[in-house]
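I wanted to look up two kinds of side-chain contact, charged pairs and aromatic pairs, and to note how far each partner is open to solvent. My entries follow.

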Amino acid sequence: MQLTRLQVLAAGLIPAMVSARALSPRAVDCAFATTADAGATCESFAASWGQSVDELKKLNPGITCPNLDTSKTYCVIGTVTADPTSSSSSSSSLSTSTSTSTTLKTTTTTKISTTSSSTSASSSTTAAPAPSNSPAMPGLAANCDGFYKVASGDSCDTIASKNGITTTQFKTWNTEINAECSNLWLDYYVCVHVPGAAAPTISTKVTSTTAAPAPTNSPAMPGLAANCDGFYKVASGDSCDTIASKNSITTTQFKSWNTEINAECTNLWLGYYVCVHVPGAVTQKPTTTTKATSTSTTAPAATNSPQMPGIVSNCDGYHKVASGDQCGTIAAKYGITTDQFLSYNSYINAQCSNLWVDYYVCVHATPSPLMPGIANNCKRYHQVKSGDSCSSISSSAGITFNQFRQYNSQVNADCSNLWLGYYVCTGV
């Protein structure tokens with residue numbers, strides 16, 4: 001592409017850099033240089049940057065082809081200025097300098113104006129990439145599925161921290177960023193996630209009174225609402241609609257609390273947490289109909305809806321969370337331990353800091369299979385293991401043998417009919 005030097009700079013074809021550097025007064029003003037991969041030739045290297053070999057040679061006077069030296073850097077974006085030429089006519093004299101400019105593999109439309117008259121040449125190519133990751137810096141991982149737009153003041157470390165990854169991961173997925181991270185391009189997109197990427201095992205230093213994220217919401221996708229207090233781990237086959245439905249919210253609510261998820265919902269990260277609740281959010285009642293089966297299990301009654309996520313499937317006792325409730329106080333109210341309460345409600349974290357006011361939690365679950373003759377009001381259970389006896393079970397539960405017999409009326413006096421793997425009652 002032949003453009004005047006003035007037009008190249010005015011058109012802004014050379015990307016703005018976070019750390020800008022002055023152009024030296026020479027025939028080639030290089031904006032970006034990089035090394036060639038092992039085995040690269042002039043032809044393959046030029047093609048990877050959308051250039052011809054002739055354009056590559058103009059940007060790199062003295063380059064030796066066809067094979068390239070991997071220890072050297074080669075200019076791939078820059079301006080080549082030739083000696084000015086002049087011409088004259090009876091009406092005017094025109095002096096121009098021509099330049100050759102190379103660009104990234106974008107699919108923009110370029111208009112070239114040759115004189116001050118209305119004559120112009122234009123050429124167009126295919127449509128530009130989607131706004132979610134365009135324009136992009138060169139060297140992004142081919143399988144990248146998470147992007148971040150470089151802002152003023154950003155560095156590799158801050159970008160990595162914002163997106164829950166390590167600086168090493170970030171540089172691995174953005175191979176054209178140098179070791180000093182001094183060539184980030186302002187307002188261009190970089191890669192911050194690839195499929196299957198492992199969450200970093202780094203510790204977060206807490207500098208305020210806000211507690212570090214609990215294990216129940218880490219790793220989290222970027223763009224979650226700052227006041228999010230309910231999380232969901234993305235599973236295989238999930239979509240925005242199914243996640244919203246599972247958590248009794250609308251798809252619009254879900255997207256408003258997860259701003260980095262695109263309109264098509266095609267960039268959910270498997271195994272990462274998304275936001276499904278914020279304080280004061282109004283939830284919707286499920287609109288699906290539960291088909292009745294021949295078993296004794298029924299759909300949740302209106303008295304235990306809405307429910308917090310993570311409740312065990314065999315729950316048959318519920319409590320509506322009130323302001324000021326704690327896991328310990330709820331457990332004590334229903335005669336169970338805090339550990340039992342947490343086992344019935346797997347979503348609630350160990351600090352019990354994510355209870356949802358006015359939502360139902362589980363306070364009783366009948367295990368299966370049960371020994372016959374168990375008390376109807378049983379609240380604590382023990383699964384019979386090899387070597388158990390009535391005495392050992394009673395002692396472990398802090399009850400007497402007679403109490404154990406009362407709670408389990410079908411167990412005989414010599415305790416010879418305990419059923420291995422079945423549950424017996426140890427508290428009412």
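Before starting I fixed my terms: a residue is buried if its relative accessible area is under 20%, exposed if over 50%, and partly exposed in between. I also kept in mind that this is a predicted model.

**Entry 1, charged pairs.** Side chains of opposite charge can pair when their charged atoms come close. How many salt bridges does the count come to? I found 3 salt bridges, and I went through them one after another.

I began with Lys246 and Asp238, which form a salt bridge with the closest N and O atoms 3.0 Å apart. Is Asp238 buried or exposed? Asp238 has a relative accessibility of 15%, and because the limit for buried is under 20%, I entered Asp238 as buried. Its partner Lys246 has a relative accessible area of 52% and is exposed, so in my notes this bridge joins a buried Asp238 to an exposed Lys246.

Next I looked up Asp154, which forms a salt bridge with Lys162, the closest N and O atoms being 3.1 Å apart. Asp154 is buried, with a relative accessible area of 7%.

I then turned to Lys58 and Asp54, whose side chains meet in a salt bridge at 3.5 Å, N to O. Both residues lie in helix α3, which covers residues 53–59, and they are 4 residues apart, about one turn of the helix. I noted Lys58 as partly exposed at 33% relative accessible area, and Asp54 as partly exposed too, at 47%.

**Entry 2, aromatic pairs.** A pair of aromatic rings is described by the distance of the centres and the angle of the planes. The structure holds 8 aromatic pairs, and I wrote down two of them in detail.

Phe32 and Trp49 form a tilted pair, 5.9 Å centre to centre with 45° between the planes. Which parts does this pair tie together? Phe32 lies in strand β2 (residues 28–35), whereas Trp49 lies in the loop between α2 (42–48) and α3, so the pair links parts that are 17 residues apart in sequence. Phe32 is buried, with a relative accessible area of 4%, and Trp49 is buried as well, at 7%.

For Trp185 and Tyr188 I noted ring centres 5.3 Å apart and planes at 90°, which means that the pair is edge-to-face. Both Trp185 and Tyr188 are buried.

As my last note, Phe32, Trp49, Trp185 and Tyr188 form one aromatic cluster.

Conventions. Residues numbered from 1 in each chain as written. Predicted model: local features only at pLDDT ≥ 70, side-chain atom pairs only at ≥ 80, totals over all residues. Heavy atoms only, no water. Salt bridge = Lys/Arg side-chain N within 4 Å of Asp/Glu carboxyl O. Helix = DSSP H or I, 4+ residues; strand = E, 2+ residues; numbered from the N terminus. Buried < 20%, exposed > 50% of the residue type's maximum accessible area, 1.4 Å probe, protein only. Phe/Tyr/Trp six-rings, centres within 6.5 Å; stacked < 30°, edge-to-face > 60°.
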